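Welcome! Please take a look at the model shown here and keep it open as you read.

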Amino acid sequence: MAAITLKDIVKQYGDGFLAVKGVSLDIADGEFVILVGPSGCGKSTLLRMIVGLEDITAGDLHIGGKRVNDKAPRDRHLAMVFQNYALYPHLTVFENIAFPLRLQKGQFTDAQIKEKVEFAAKTLELQDHLDRKPANLSGGQRQRVAMGRAIVREAEAFLFDEPLSNLDAKLRGQMRTEIARMQRRLGTTTVYVTHDQTEAMTLGDRVAVLRKGELQQVASPRGLYEQPVNLFVAGFIGSPPMNFLPGEISGSTMTLPFAEVPISAELAPKLQGKEIVIVGIRPEHFEDAALVEDAKKGAGVTFSAPVDVTEWLGSELYAYIPFDTNPDVATTLEELDRDLDGEGLRTQLIVALPSETKIRDGVDA
Ligand code: ATP
């Protein structure tokens with residue numbers, strides 16, 4: 001196991017395109033770090049540089065305290081699990097898992113190989129499938145075989161490149177849990193690339209958000225959600241996404257598209273001298289006025305909201321409110337069969353500006 005340190009890592013492709021623009025990131029020994037960002041942000045490029053499949057244009061990469069920029073992939077002692085699993089169809093599960101050990105000719109006896117493969121198979125609950133060929137496995141089992149190969153190598157770190165994107169939603173959920181369990185059990189340093197924010201938020205100790213080759217923020221999932229450093233991170237993490245609304249300040253009130261909201265005494269100094277701001281309100285921060293205690297109501301403003309689309313997810317109800325905003329304002333409600341006033345769906349919502357609101361200047365949306 002090893003720590004991985006990236007210092008000012010740059011990748012410029014042959015055609016001059018700068019895919020990674022000076023990324024620095026310290027990944028601790030045993031840590032599970034997610035690289036997340038929209039398509040083309042450079043996350044796979046970064047992972048491929050770590051594993052050695054792509055040259056590093058500039059910067060330093062250290063694994064286990066040693067600079068490895070110029071080391072061949074096999075000398076970095078990392079195990080990569082790809083999206084397409086890269087299994088050999090003619091080999092059994094046992095032989096697929098044993099493959100990396102057989103490649104190191106003469107280094108392991110048959111008994112050692114058997115022991116290592118059986119340990120990996122047990123960890124991944126594949127013991128009953130060792131004689132099968134990949135064609136006779138489910139997508140999830142194939143994924144586990146690919147992970148088994150990473151385990152037998154006893155690599156310094158596991159690197160995953162969107163390993164679950166070929167699976168259906170249910171299996172994706174199961175495999176997500178399995179990867180988390182395996183990583184906790186083995187305690188191996190893991191770097192995991194995904195564009196799926198659910199995977200990012202549920203799997204990682206920390207999440208690194210990339211955009212256009214630049215690191216935006218590295219934080220715990222909770223840190224990203226509650227303290228995003230800019231509009232990009234705020235809008236990228238969370239589903240439905242955070243609502244961004246124009247706010248016009250005048251005196252001690254702020255006019256939002258649906259209501260005038262009082263500015264608290266704590267917030268007022270931070271807004272000093274500003275006239276127009278962008279206010280980010282997470283869907284769950286609109287509260288159903290019928291459920292809010294009277295004492296709390298005074299802190300916010302209650303308004304009547306027309307709801308044009310609802311999405312019921314069993315445990316939650318998303319409601320979309322067509323104000324003069326784009327996209328519509330999203331909120332989460334517990335139910336929507338109250339407070340309807342006969343003019344179609346309407347509900348009473350309450351919203352307050354939190355006093356710890358982060359005020360940031362010059363943010364790049
Ligand atoms: P995705 O989620 O779509 O896989 P990504 O964030 O993993 O995206 P990368 O594959 O790292 O993105 O690519 C980053 C950028 O570098 C993209 O704009 C891509 O077009 C560009 N790129 C990737 N490989 C090359 C290459 N060999 N030559 C030139 N540009 C490349």
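What follows is a short tour of this structure, from its domains to its strands, a helix and its cores.

Keep in mind that this is a predicted model.

**Two domains**

The protein is divided into domain 1, residues 4–236, and domain 2, residues 247–351. Between the C-alpha centres of these two domains the distance is 41 Å.

**A covered strand**

A good place to begin is strand S3, residues 32–36, where five of five residues are buried. Phe-32, Ile-34 and Val-36 point one way from S3, while Val-33 and Leu-35 point the other way. This fits a general pattern: in a regular strand the side chains alternate between the two faces of the sheet.

S3 pairs with strand S8 (residues 189–194) in the parallel sense, over five bridges. Within that pairing, Leu-35 has Val-193 of S8 as its bridge partner. S3 also pairs with strand S9 (residues 206–211), again in the parallel sense, through four bridges. Here Ile-34 stands opposite Val-207 of S9.

The table below gathers these pairings together with two others.

| Strand pair | Sense | Bridges | Facing residues |
|---|---|---|---|
| S3 and S8 | parallel | five | Leu-35 and Val-193 |
| S3 and S9 | parallel | four | Ile-34 and Val-207 |
| S11 and S12 | antiparallel | three | Ser-250 and Thr-253 |
| S17 and S18 | antiparallel | four | Val-309 and Tyr-320 |

**A helix among its neighbours**

Next, find helix H4, residues 139–152. Its 14 residues reach 20 Å from the first C-alpha to the last, close to the 20 Å expected at 1.5 Å a residue. Is H4 mostly covered, or mostly open? It is mostly covered, with 10 of its 14 residues buried. Among the buried residues are Gln-143, Arg-144, Met-147 and Ile-151. The buried residues of H4 pack against strands S6 (78–81) and S7 (157–161), and against helices H2 (93–103), H3 (110–123) and H5 (169–186). Just after H4 comes Glu-154, which takes a positive phi of about 45°.

**The nonpolar cores**

In soluble globular proteins, nonpolar side chains tend to be buried together. In this model, the largest nonpolar core has 68 residues, and those with the most contacts inside it are Ile-34, Leu-35, Ile-97, Leu-159, Val-191 and Ala-208. H4 gives the most to this core, with six residues.

Which residues does Val-191 touch, leaving aside those up to four places away in sequence? They are Ile-4, Ile-27, Val-33, Leu-35, Leu-47, Ile-50, Ala-157 and Leu-159. Apart from the largest core lies another one, of 11 residues, including Leu-256, Ile-263, Ala-305 and Ile-321.

**Two open sheets**

To finish, look at two antiparallel sheets. One is an open sheet of four strands in the order S13-S12-S11-S14. Its edges are S13 (259–262) and S14 (276–281), each of which pairs on one side only. Neighbouring strands of this sheet are turned by 40° against each other on average, direction ignored.

The other is an open sheet of three strands, ordered S17-S18-S19. Here strand S17 (309–312) and strand S19 (329–333) are the edge strands, and each pairs on one side only. From one strand to the next, the twist averages 20°. Strand S18, at residues 317–321, is joined to S17 by four bridges.

Methods:
Residues are numbered from 1 along each chain as its sequence is written. This is a predicted model: local features need pLDDT of at least 70, side-chain atom pairs count only at pLDDT 80 or more; totals for chains, interfaces and linings use all residues. Two strands pair if DSSP finds at least two bridges between them. Axes are lines fitted to C-alpha atoms, for helices over the stretch in contact, and angles run from 0 to 180 degrees between N-to-C directions. The expected span of a helix is 1.5 Å times one less than its number of residues. A residue is buried if 20 or more other C-beta atoms lie within 10 Å of its own, exposed if 12 or fewer, and partly exposed in between; C-beta atoms are placed from the backbone. Two residues are in contact if their C-beta atoms, placed from the backbone, lie within 7 Å. Domain bounds come from an automatic or database domain assignment. A nonpolar core is a set of buried Ala, Val, Leu, Ile, Met, Phe, Trp, Tyr and Cys residues joined through C-beta atoms within 7 Å.
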